[in-house]
Amino acid sequence: MTKTAAPAMRPANPNFSSGPCAKRPGWTLQNLENACLGRSHRSKPGKAKLAQAIDLTRSVLGVPDDYKIGIVAASDTGAMEMAMWSLLGERGVDMMAWESFGSGWVTDVAKQLKLDDVRKLEAGYGDLPDLGAVDFARDVVFTWNGTTSGVRVPNGDWIDADRTGLTICDATSAAFAMDLPWTKLDVTTFSWQKVMGGEAAHGIIILSPRAVARLESYTPAWPLPKIFRLTKGGKLIEGIFKGETINTPSMLCVEDYLDTLKWAESIGGLNSLIGRAEANLAVLADWASQTEWVDFLNTDVATRSCTSVCLKVVDPKVTALPDDVQAAIAKKIGSLLDSEGVAYDIGAYRDAPAGLRIWAGATIDVSDMQALTPWLDWAFAEACAELVPA
Ligand SMILES: Cc1ncc(COP(=O)(O)O)c(C=O)c1O
């Protein structure tokens with residue numbers, strides 16, 4: 001097989017990782033100069049920064065005034081675990097999973113919390129479970145966007161507006177890039193390191209009035225570590241939702257999150273963020289439709305992620321090869337682009353089928369996505385030249 005010439009143009013920013021994700025365009029460390037460092041996070045200026053992060057989260061995402069927004073420890077995982085450990089067990093739960101993060105929540109609820117009444121609604125990589133099968137008299141835990149398979153729920157229409165159970169949604173790779181229908185979501189979580197390209201370590205939990213009512217009326221049978229406790233004496237700890245974090249946050253991370261939120265506002269807010277992610281997806285979709293060797297892992301356009309784009313190699317000369325060789329070819333594409341400094345960290349997630357996962361979220365410039373696609377073709381040709389037997 002012949003080798004092809006390398007494309008002339010390179011993406012200006014090679015960071016296409018699905019987390020931590022690329023910093024916003026124009027980001028520099030100097031943007032963090034006003035961080036409240038070396039002071040107590042409970043000082044007046046410290047609390048003001050945390051409160052501002054909550055307020056800007058509300059205004060950029062359009063979170064209703066009667067919903068509570070809290071900054072919590074341990075990123076999205078911390079926020080999700082806090083929600084599940086604090087709220088589940090009052091009734092049966094439908095656990096939905098279609099990739100590894102959703103499966104992780106299923107494992108937690110079934111094997112760690114050991115709830116009796118757990119229904120699993122699952123699908124493999126590339127598919128969605130039957131959304132119509134959810135029973136909204138029960139609680140439901142689901143991921144808005146499956147980061148490791150590139151499958152998102154199409155919208156919130158499938159969620160019962162008159163539900164009696166709670167909806168607990170891991171929206172970490174969806175928030176700021178997809179429209180989240182707040183009235184359908186009782187608990188929403190995400191981390192700063194995803195669509196906004198913030199720093200890891202901190203998570204956000206957003207509670208509807210019904211989630212707060214559950215917290216104030218139900219006490220789980222199991223002990224709750226301090227880091228998960230949202231209530232005291234049967235009442236919501238209101239301070240958490242004003243920036244009085246349970247434990248010490250990094251004020252440098254807070255400053256960085258504020259920087260991304262202000263950037264979001266400066267470019268026109270949520271619609272612009274969503275528009276940027278959708279434009280990036282469109283570049284990859286156009287390219288894939290004209291490129292015979294590649295296809296989306298998710299073949300349903302209606303549920304295709306505009307943040308974590310997962311691709312598979314479908315060239316018959318590759319699919320005819322043993323699985324390990326196919327996996328080696330996908331890996332080679334990633335490693336070639338890495339060593340060229342064109343695209344970092346675009347291999348499929350470790351538990352996902354072999355392929356590529358390219359972050360298309362709001363901090364990625366569409367010109368970089370356009371510059372990337374010829375390189376993907378180049379790397380595929382190079383990988384085949386090396387690994388496909390003549
Ligand atoms: C859907 C989903 N849930 C949870 C996580 C874990 O996030 P974190 O490492 O920020 O806790 C990730 C990370 O990629 C994710 O994509």
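A polar contact is a pair of N or O atoms within 3.5 Å; within protein, one must be able to donate a hydrogen and the other to accept it, and residues adjacent in sequence count only if both atoms are side-chain atoms. Keep that in mind for these exercises on a predicted model, where local features need pLDDT of at least 70, side-chain atom pairs count only at pLDDT 80 or more, and totals for chains, interfaces and linings use all residues. Residues are numbered from 1 along each chain as its sequence is written, and side-chain values use heavy atoms, with hydrogens and water left out.

**Exercise 1. Explore the surroundings of the ligand.**

Step 1. Start with the shell: 14 residues surround the ligand (a heavy atom within 4 Å counts as near). Ser75, Thr77, Thr147, Asp170 and Lys194 are the closest.

Step 2. Now look for polar contacts. Serine 75 places a polar side-chain atom 2.5 Å from a ligand oxygen. For aspartate 170, a polar side-chain atom is 2.6 Å from a nitrogen atom of the ligand. The side chain of lysine 194 has an N or O atom 2.7 Å from a ligand oxygen.

Step 3. Check the cover: on its own the ligand has 390 Å² of accessible area (Shrake-Rupley method, 1.4 Å probe), and the protein covers 86% of it.

Step 4. Sort the shell by element and class. Helices and strands here are DSSP runs (H or I, at least four residues; E, at least two), numbered from the N terminus. α2 (75-87) and α3 (100-112) each give two or more residues, and α2 gives the most, with 3. By class, the shell has 3 nonpolar, 8 polar and 3 charged residues (Asp, Glu, Lys and Arg count as charged).

**Exercise 2. Place threonine 167 and find its partners.**

Step 1. Threonine 167 sits in strand β7 (residues 167-170).

Step 2. Is threonine 167 buried or exposed? Its relative accessible area is 0%, so threonine 167 is buried (under 20%; exposed is over 50%, partly exposed in between; 1.4 Å probe, protein chains only).

Step 3. A polar atom of the threonine 167 side chain lies 2.7 Å from the backbone oxygen of lysine 184. Beyond its neighbours within four places in sequence, threonine 167 is in contact (heavy atoms within 4.5 Å) with residues including Phe136, Ile159 and Val187.

**Exercise 3. Do likewise for tryptophan 378.**

Step 1. Helix α9 (residues 366-387) holds tryptophan 378.

Step 2. With a relative accessible area of 8%, tryptophan 378 is buried.

Step 3. Not counting residues up to four places away in sequence, tryptophan 378 touches Thr4, Ala5, Ala6, Pro7, Leu336, Leu337 and Glu340.
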